[in-house]
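Trainee: I am new to this structure. Please take me through a single part of it slowly, and then show what lies around that part.

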Amino acid sequence: MSEFPLQAGHPALAREAVRDLRFSAIRDVANAGIGRDDILPFWFGEPALREALTHSLSRLHQPVSAERIVVTSSGVSALMLTAQALYSSGDRVVVVTPVWPNLVEIPRILGAQVEEVALELRPDEQGIARWHLSLETLLHALTPDCRVLVINSPNNPSGWVMPAAQQAQILAHCRRHGIWIVSDEVYSRIVYEGPPDRCAPSFLDIADPNDRLVVINSFSKSWLMTGWRLGWVVAPPALMHELGKLIEYNSSCAPGFVQKAGLVAVNQGEALRQETVARFQASRDYLYQRLGSLAEVEVPGPQGAMYLFFRVHGLNDSLTFCKALVAEAGVGLAPGSAFGEAGEGCLRWCIASASEKLEQGAERFSRFLRHSAWRT
């Protein structure tokens, strides 16, 4: 159980500026009618998607009630709403990197001070290069003055997946010190080990409903809905009132037709998701072998997500390298420096592409490494 129980109005919940916001009277009336099928709703939205997410999440993890879920206009919106609720100027936020830049820059927009804890690229017990998290280093950084820990697993860009045992130790540590965990789990259904209906380890597997945990997810990855702009948040009941206010003043609600598409995805999209993961896995295996055959490259096999994040020996300016790669070889990769200092010297290759394009890209990349003057 949480050693810092959450209650409405608790000073460690949403920041004061958010708690002082007036709640929309329109939203208040709508909330009074939720769950009643005899109401003719002319205000906004429908609760059906939240109920579908409840069933899906409860099947994958522990039971999650609809009262802990809010639907948002994209995963990015979910991250920003969470940040608006939790971060004040000067708050100390620890982020595990390399990571998608938004997770580092969103806290800074609100004046928080970000400290990065880097994954390490080193051999595992079989001598295979893998990305690892030093739990000792992370826990050392999570002192009582830390407001929030931000983790993205499965990780963009590295494909690292946090083991369940590490999650348990982190959750226990954060409980002791009253630290919030913001867990970005948008790639949770894109993992490459386990049964067809597999899911990455999640803090939702082990957390209590009142733990200081916010889990972010999106429809973009698992169901190929990039551009539809639909996501969701799972949060403690005591934070939901504040999140509701923030949604009202940011976007009011996700568009109804997009929510209906999300409902179809949750209820009927499992076959598509499994097919997509199988396709990504085949692409991962091909590119892993192809790049691994290059002497200049050290490529760890990703456990999840949809990228290969690999090191090029002798590379110390990944941005300049990627610009030259575009100009000379017509290949577009993401520079590792975009994902924080821990990513410099690495490149990110998205595997969500047709096999013939991957093959052509690998050939062009190999030729560039052999003949370009990028080392000078």
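Mentor: Start with the pairing of β12 and strand β13, the latter spanning residues 346-350: these two run antiparallel and are joined over two bridges. Alanine 334 has arginine 348 of β13 opposite to it. Keep in mind that this is a predicted model.

The two strands belong to an open sheet of four strands, in the order β10-β11-β13-β12, with antiparallel pairing. β10 (297-298) and β12 (334-335) are the edge strands, each pairing on one side only.

Next, the aromatic rings. A pair of aromatic rings is described by the distance of the centres and the angle of the planes. The number of aromatic pairs in the model is ten. One of them joins tryptophan 131 and phenylalanine 309; the ring centres are 5.6 Å apart and the planes stand at 35°, so this pair counts as tilted. Tryptophan 131 is in strand β5 (residues 129-132) and phenylalanine 309 is in strand β11 (residues 307-312), so the pair links distant parts of the chain, 178 residues apart. Tryptophan 131 and phenylalanine 309 are both buried.

Another aromatic pair is formed by tyrosine 187 and tyrosine 307, and it is edge-to-face, at 5.9 Å centre to centre with 80° between the planes. Here too distant parts of the chain are linked: tyrosine 187 is in the loop between β7 (180-184) and β8 (213-218), tyrosine 307 is in strand β11, and their positions lie 120 residues apart in the numbering. Both tyrosine 187 and tyrosine 307 are buried. Ring pairs also link Phe310, Phe321, Trp349, Phe365 and Phe368 into a cluster.

Now the empty spaces. The second largest pocket has a volume of about 230 Å³. It is lined by 16 residues, and the closest to its centre are Val76, Trp100, Val186, Ser218 and Lys221. Two elements, α4 (75-86) and β8, give two or more residues to this lining. The largest share, three residues, comes from α4. By class, the lining of the second largest pocket has six nonpolar, seven polar and three charged residues.

As for closed spaces, there are four cavities of 30 Å³ or more. The largest cavity holds about 120 Å³ of space. Its lining is made of 15 residues, and Leu57, Ser188, Arg189, Asn217 and Trp232 are the closest to its centre. α3 (48-60) and β8 are the elements that give two or more residues to the lining of the largest cavity. Seven residues of that lining are nonpolar, six are polar and two are charged.

Last, the cysteines. The structure holds zero disulfides. For cysteine 146, the nearest cysteine sulfur is that of cysteine 174, 7.1 Å away, and cysteine 146 is in no disulfide. A disulfide needs the two sulfur atoms within 2.5 Å, which is why a distance of 7.1 Å does not count as one. Cysteine 146 has a relative accessible area of 3%, so it is buried. Cysteine 174 is also in no disulfide, and at 2% relative accessibility it counts as buried.

Methods: Residues numbered from 1 in each chain as written. Predicted model: local features only at pLDDT ≥ 70, side-chain atom pairs only at ≥ 80, totals over all residues. Heavy atoms only, no water. Phe/Tyr/Trp six-rings, centres within 6.5 Å; stacked < 30°, edge-to-face > 60°. Buried < 20%, exposed > 50% of the residue type's maximum accessible area, 1.4 Å probe, protein only. 1 Å grid on protein atoms, 1.4 Å probe; cavity = no way out; pocket = protein on both sides within 12 Å on 5 of 7 lines; lining within 4 Å. Points joined across faces, edges and corners; volume = space filled by probe spheres on them. Nonpolar A, V, L, I, M, F, W, Y, C, P; charged D, E, K, R; others polar. Pairing = 2+ DSSP bridges.
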